[in-house]
Amino acid sequence: MAARRMLVAAAAASVAALALTAGTAQAAAASRDRPAAGDAAKPLTSDFGTPVGDNVNTLSVGPRGPQLVQDTRAFEKLARFNRERIPERVVHARGTGAHGVFESYGDLSDLTRAGFLGGAGRKTEVFVRFSTVIHSKGSPETLRDPRGFAVKFKIAEKYGGGVWDLVGNNLDVFFIRDQVSFPDMVHSLKPDPVTNIQDPNRFFDFFGALGGAATNMLTTLYSDLGTPATLREMNGHSVHAYKLVSAERKVTYVKFEWTSQQGIKNFTAAEAMGMQGKDFNHATRDLYNSINDGKFPSWELRMQVVPSDRMDKLAFDPLDATKRWPESVAPFKAIGKMTLNRVPDNFFQTTESVAMSPGTFLPGAIEPSEDKLLQGRLVSYPDTQRYRLGANYADLPINRPLSPVRAYTQDGAGNNGAMTGTLNYGLSLTHPVFPTVDAARFSESKVCDVVTQAPIPITADFAQAGELYESFSPRDQENLVANLAGDLGQVRSDLVRNTMCSHFYKANEDFGRRVVEAVKCNMRTVQTMASHLDDGISDDRRY
């Protein structure tokens, strides 16, 4: 009996030790060790934790003989190396990220149910990814290109929980207003499939054929705003309109802007070229050095508000992504401040693996508007993340919410969740299920129109571009014309050059005339073409 009790006790101790070992292994898997200076106490292991006897010499028949297949550690090392790269983002491939915190200024519960905006001093963890749009992962950070400005809010459970991605650009408008043109636009801006070189003949051909929709964006992009000097010294914009939904289900339309507290600083074309020759990673280096030196960059989050009953009373379509909301129509209101205070520990696990999507929002609190470009992004962004990172990309630490996840998601590559039990479906008569939350229902809206494929009624393609040109200083106007001429002057087609010049002339006659002279177009031809363009604004709707 005594012997049996000893055996039972030993078995129990063994089970406890196994459980402890399992827990330790789980903790070890969560964060892989990296050697510290002078630390020889922790042995090198394979991916499965087995010690490695030799990390320099492969098992072979004699020192000079052929390798043996049984050296699985060597093959594991090579095979993992071959699979280190995941698909590069089609757009926004060149990115830089940083951790930080957002602090709200006050209580916005009259506009939105979003708890993290429901009181002054409420803090939310954020991760920000800055990027260029068109160029590849290793491209210079000096190139003329919109800069992505995407912020992932990880909301604490006490404020409602979940994740909200505010995905925008440093420029406040965009090239197109309908998502169906996005692949064509990107293809035209990407390198030529024959030469693998970006070619202005291609993208100006596309923008000319598109009509005047891109005029506002091109005027913005070819100003010095298109070459920001640092990531710290540029603003961010939501570009799209969104909906705030209150507890009473009232809907208000808003646009967001991140206002740099460091001020705005841009490169001229010559300065950008000079920096590119010195350091084409200058923007990342500047951001990281600033944070590591304790000079934490910050941005104030401001929003513009248009009540839903005023959305059809403006001189332009306020859901058109090619338009900005003038401050005279919708003044800015500061609602919080974001500070970046920590550089990521690992680029791949954070900046490369973060999955930003405007489809990640807070139903019943912050929702997408009917913007036709935004509606397409709601689908395409999470789709490209599933392609790059797999169906379980939300489980990656950088994407995982701080609040609990209670879902019935099933299997898939990379599934490392802790789902237990038999229930993997959301409705049951015999098992307890997670209840839904009435407050998280989508807001309601009336839809009364004909199903059709048609452009928006009010295009207003040229007025804001002209106003922007007029707002520039003489030096900025000069730089804008020179920057445009540098690319448009390379276009061989007279039709394309004249068409683009007619758009700028329609926006502002002085602007168009100066571009015509710079690229040596025929002024009379351009004026004739411009006279046939419609600005899309009826006289009773001009502001």
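1. Which side chains meet in a salt bridge at 2.9 Å, N to O? They are those of D172 and R324. This is a predicted model, and the pair links distant parts of its chain, with the two positions 152 residues apart. D172 sits in the loop between strand 4 (163-169) and helix 3 (182-189), while R324 belongs to the loop between strand 8 (298-307) and strand 9 (332-342). Both ends of the bridge, D172 and R324, are buried.

2. The structure holds 23 salt bridges. Another of them joins D320 to K323, with the closest N and O atoms 3.0 Å apart. D320 is buried, and K323 is buried too.

3. A further salt bridge connects D494 and R497, at 2.4 Å from N to O. The two residues lie three apart in helix 12 (residues 494-507), so about one helical turn separates them. How do the partners sit with respect to the surface, buried or partly exposed? D494 is partly exposed, because its relative accessible area of 47% falls between the limits of 20% and 50%. R497, with a relative accessible area of 11%, is buried, because that value is under 20%. Elsewhere, salt bridges with shared partners tie R89, K137, E352 and R388 into one network.

4. Nonpolar packing comes next. In soluble globular proteins, nonpolar side chains tend to be buried together. The largest nonpolar core here has 44 residues. Those that touch the most other members are F174, F175, M185, F204, F207, L218 and L488. Several helices each supply at least two residues of this core: among them are helix 3, helix 4 (200-210) and helix 5 (215-221), as well as helix 10 (463-471), helix 11 (474-488) and helix 12. Helix 13 (509-519) and helix 14 (523-531) are also on that list.

5. What does F174 touch, not counting residues up to four places away in sequence? The contacts of F174 are N169, F182, M185, M217, V239, A321, T322 and L373. One of these, M185, is also among the core residues that touch the most other members. Apart from the largest core lies another, of 41 residues, including F153, Y159, L340 and A365.

6. Rolling a probe the size of a water molecule over the atoms shows where empty space is left. How many cavities of 30 Å³ or more are there? The count comes to one. The largest cavity holds about 70 Å³ of space. Its lining is made up of R94, G95, T96, F130, S131, T132, E141, R147, L231 and A283. By type, the lining residues divide into three nonpolar, four polar and three charged.

7. Strand 1 (95-104) and strand 2 (123-132) each give at least two residues to the lining of the largest cavity. Strand 2 provides the largest share, three residues. T132, which is found in strand 2, is one of the lining residues. Is T132 buried or exposed? T132 is buried, because its relative accessible area of 4% is under 20%. Leaving aside neighbours within four places in sequence, T132 is in contact with H92, A93, R94, S139, D145, P146 and R147. Of these contacts, R94 and R147 also appear in the lining of the largest cavity.

Methods. Residues numbered from 1 in each chain as written. Predicted model: local features only at pLDDT ≥ 70, side-chain atom pairs only at ≥ 80, totals over all residues. Heavy atoms only, no water. 1 Å grid on protein atoms, 1.4 Å probe; cavity = no way out; pocket = protein on both sides within 12 Å on 5 of 7 lines; lining within 4 Å. Points joined across faces, edges and corners; volume = space filled by probe spheres on them. Helix = DSSP H or I, 4+ residues; strand = E, 2+ residues; numbered from the N terminus. Nonpolar A, V, L, I, M, F, W, Y, C, P; charged D, E, K, R; others polar. Salt bridge = Lys/Arg side-chain N within 4 Å of Asp/Glu carboxyl O. Buried < 20%, exposed > 50% of the residue type's maximum accessible area, 1.4 Å probe, protein only. Core = buried A, V, L, I, M, F, W, Y, C linked by side-chain atoms within 4.5 Å. Contact = heavy atoms within 4.5 Å.
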